[in-house]
Amino acid sequence: MTLRAVDVSWRRSGKTVLDGVSLHPRPGSVVGLLGPNGSGKSSLLRLLAGLDRPDSGHVQLHGRPLTAVTRRELACSVAMVGQHADTELDIRVTDVVRLGRLPHRRLFGADPDAVTAVGEALAATGLSDMGQRLWHSLSGGERQRVQIARALAQHPSELLLDEPTNHLDIAHQLEILALVRRLDVTAVVALHDLNLAAMFCDELVVLTAGRVVAAGTPQDVLTEDLVAQVYGVRCRVAVEDGRPVIRYDAPLTREVFSERR
């Protein structure tokens with residue numbers, strides 16, 4: 001059993017953001033959330049992280065509804081990495097990663113496992129020699145790795161990532177997703193790039209206007225018809241090494257796109 005969403009719906013400012021969405025990741029798998037802007041990916045991650053509550057349906061952690069899980073328990077099991085992370089304070093990498101230990105602090109702030117946990121998180125993300133670097137001296141890709149290290153220091157079983165490759169060059173995109181793939185956690189990752197999702201995800205869930213329109217393996221989900229229907233783009237899909245590879249042709253006209261939807 002892992003983190004699950006069961007038929008969740010959520011409205012915000014009178015608008016339906018999610019409508020009957022279910023998500024059942026296999027333990028240890030990487031699940032990609034796909035869909036155009038405004039489809040509900042970030043909102044679903046917020047519900048999974050317990051930052052917001054659904055209006056109907058529920059989110060479960062290890063078989064228990066989140067409403068029955070304490071904030072401390074949740075923070076020890078679920079870690080989230082958002083799209084943007086910045087601070088005006090020029091703190092060191094080690095101090096950022098140590099923030100992940102806050103849920104584990106005991107009375108008077110004691111955390112006997114902090115040094116080991118931070119060291120392991122730095123090693124897992126390839127940052128062992130960068131612990132004393134200052135935040136503002138880091139590249140975008142390095143900052144994302146630091147944020148993932150901070151999340152790993154929590155010792156979570158579930159890792160939620162909201163477009164972790166946003167604004168990164170292709171080398172750093174590949175680096176970050178390869179890192180996520182290697183981690184011993186269940187990961188749910190919101191992505192825009194369909195080819196990256198095909199390369200690194202075990203399963204995909206595609207959202208449109210707050211509803212799930214497809215779910216399954218990359219090869220089952222990423223079809224020419226689905227890309228045209230959801231994104232309004234013509235493409236050709238080939239299979240290389242068991243994974244789909246998408247080659248885009250051109251966007252559909254507004255009239256054709258509307259008909260397909």
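**Chatting through a predicted model**

Mentor: Let's begin with helix H1, residues 41-48, in this predicted model. H1 is mostly covered, with six of its eight residues buried.

Trainee: Nice, which residues in H1 are buried?

Mentor: They are Lys41, Ser43, Leu44, Leu45, Leu47 and Leu48.

Trainee: And what does Gly50 do just after H1?

Mentor: Gly50 takes a positive phi there, about 80°.

Trainee: Switching to the sheet: what is the order of its strands?

Mentor: The order is E2-E1-E4-E5. It's an open sheet of four strands, and the pairing is antiparallel.

Trainee: Which strands stand at the edges?

Mentor: Strand E2 (15-23) and strand E5 (64-65) do. Each has a single partner strand, so one side of each is left without a neighbour in the sheet.

Trainee: How many bridges join E1 to E2?

Mentor: Five bridges join them; E1 covers residues 3-12, and the two strands run antiparallel. Five bridges also join E1 to E4, residues 56-61, again in an antiparallel arrangement.

Trainee: Can we zoom in on Ala5? What is its bridge partner in E2, and what is its bridge partner in E4?

Mentor: In E2 the partner of Ala5 is Leu23, and in E4 the partner is Val59.

Trainee: What about Val8, which residue in E2 does it stand opposite?

Mentor: That would be Val21.

Trainee: Back to E1 and E2 for a second: how many residues are between them in the hairpin?

Mentor: Two residues lie between them. Ser13 is in that turn, and has a positive phi of about 55°.

Trainee: New topic, cysteines. How many disulfides does a search of the whole structure find?

Mentor: Zero, and that search takes in the whole structure. Cys201, for instance, is in no disulfide: the nearest cysteine sulfur belongs to Cys235 and is 17 Å away. A pair would need its sulfur atoms within 2.5 Å to count as a disulfide.

Trainee: Is Cys201 buried or exposed?

Mentor: Cys201 counts as buried, because its relative accessibility is 2% and the cut-off for buried is under 20%.

Trainee: And why does Cys76 count as partly exposed?

Mentor: Cys76 counts as partly exposed because its relative accessibility is 21%. Buried would need a value under 20%.

Trainee: Last one, I promise! Which residues form the nonpolar patch on the surface?

Mentor: Happy to help! Ile170, Leu174 and Met199 form it, and together they have about 270 Å² of accessible area.

Trainee: Where is Ile170 found?

Mentor: Ile170 is found in helix H6, which covers residues 170-182.

Methods: Residues numbered from 1 in each chain as written. Predicted model: local features only at pLDDT ≥ 70, side-chain atom pairs only at ≥ 80, totals over all residues. Heavy atoms only, no water. Buried < 20%, exposed > 50% of the residue type's maximum accessible area, 1.4 Å probe, protein only. Patch = residues over 30% accessible without salt bridge, like charges linked within 9 Å, V, L, I, M, F, W, Y side chains within 5 Å. Areas by Shrake-Rupley, 256 points an atom, 1.4 Å probe, with all protein chains shown as cover. Salt bridge = Lys/Arg side-chain N within 4 Å of Asp/Glu carboxyl O. Pairing = 2+ DSSP bridges.
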